[in-house]
Amino acid sequence: EKMASDGRSRFASDAYRHRNVVERCFGRLKEYRRIATRYDKTARNYFSMVKLGCIRLFYKKLCN
């Protein structure tokens, strides 16, 4: 990314749009208490719960 004339970086709207999608996805995943509180102590178990949460969100979106 290039810098503007006053030293600030320019706003990349495409990158921000994709970032917004990711942040909304994490917000929806945090509705599941087990994911939000990191109930699972091992990374493998936590990652599998995140996967299951993503599948549930996708399935819910698919059915509506």
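**Figure 1. A nonpolar patch on the surface is formed by Phe-58, Tyr-59 and Leu-62.** Together, these three residues present about 390 Å² of accessible area in this predicted model. Phe-58 lies in helix α3. With a relative accessible area of 56%, Phe-58 is exposed, because the cut-off for an exposed residue is over 50%. The protein as a whole exposes about 6100 Å², of which carbon and sulfur atoms supply 57%.

**Figure 2. The overall fold is made of helices.** The protein has 3 helices and 0 strands, and its elements follow the order α-α-α from the N terminus on. Helix α1 covers residues 13-29, while α2 spans 33-36 and α3 spans 43-63. Of the 64 residues of the protein, 11% count as buried.

**Figure 3. Confidence of the prediction varies along the helices.** The average pLDDT of the protein is 81, and 83% of the residues score at least 70. Confidence is lowest in α1, where the mean is 83. Helix α3 has the highest confidence, at 90.

**Figure 4. Glu-23 and Arg-19 form a salt bridge within helix α1.** The structure holds 2 salt bridges, and this view shows the one between the side chains of Glu-23 and Arg-19, with an N to O distance of 2.9 Å. The two residues are 4 residues apart in helix α1, so about one helical turn separates them. Glu-23 counts as partly exposed, at 44% relative accessibility.

**Figure 5. Arg-34 and Asp-40 are joined by a salt bridge.** Their side chains meet at 2.9 Å, taken from N to O; the pair is also listed as a polar contact of 2.9 Å between the side chains. Which of the two partners is buried, and which is partly exposed? Arg-34 is partly exposed, at 37% relative accessibility. Asp-40, at 8% relative accessibility, counts as buried, because the cut-off for a buried residue is under 20%.

**Figure 6. The surroundings of Asp-40 include four contacting residues.** Asp-40 is found in the loop between α2 and α3. When residues up to four places away in sequence are not counted, Asp-40 touches Arg-34, Asn-45, Tyr-46 and Met-49. Arg-34 is also the salt-bridge partner of Asp-40. The relative accessibility of Asp-40 is 8%.

**Figure 7. Arg-38 has a positive phi.** The phi of this residue is near 55 degrees, a positive value in a residue other than glycine. Most residues other than glycine have a negative phi. Arg-38 is placed in the loop between α2 and α3, the loop in which Asp-40 is also found. A relative accessible area of 35% makes Arg-38 partly exposed, whereas Asp-40 is buried.

Note on methods:
Residues numbered from 1 in each chain as written. Predicted model: local features only at pLDDT ≥ 70, side-chain atom pairs only at ≥ 80, totals over all residues. Heavy atoms only, no water. Buried < 20%, exposed > 50% of the residue type's maximum accessible area, 1.4 Å probe, protein only. Polar contact = N/O pair within 3.5 Å; in protein donor to acceptor, adjacent residues only side chain to side chain. Contact = heavy atoms within 4.5 Å. Patch = residues over 30% accessible without salt bridge, like charges linked within 9 Å, V, L, I, M, F, W, Y side chains within 5 Å. Areas by Shrake-Rupley, 256 points an atom, 1.4 Å probe, with all protein chains shown as cover. Salt bridge = Lys/Arg side-chain N within 4 Å of Asp/Glu carboxyl O. pLDDT = per-residue confidence, 0-100.
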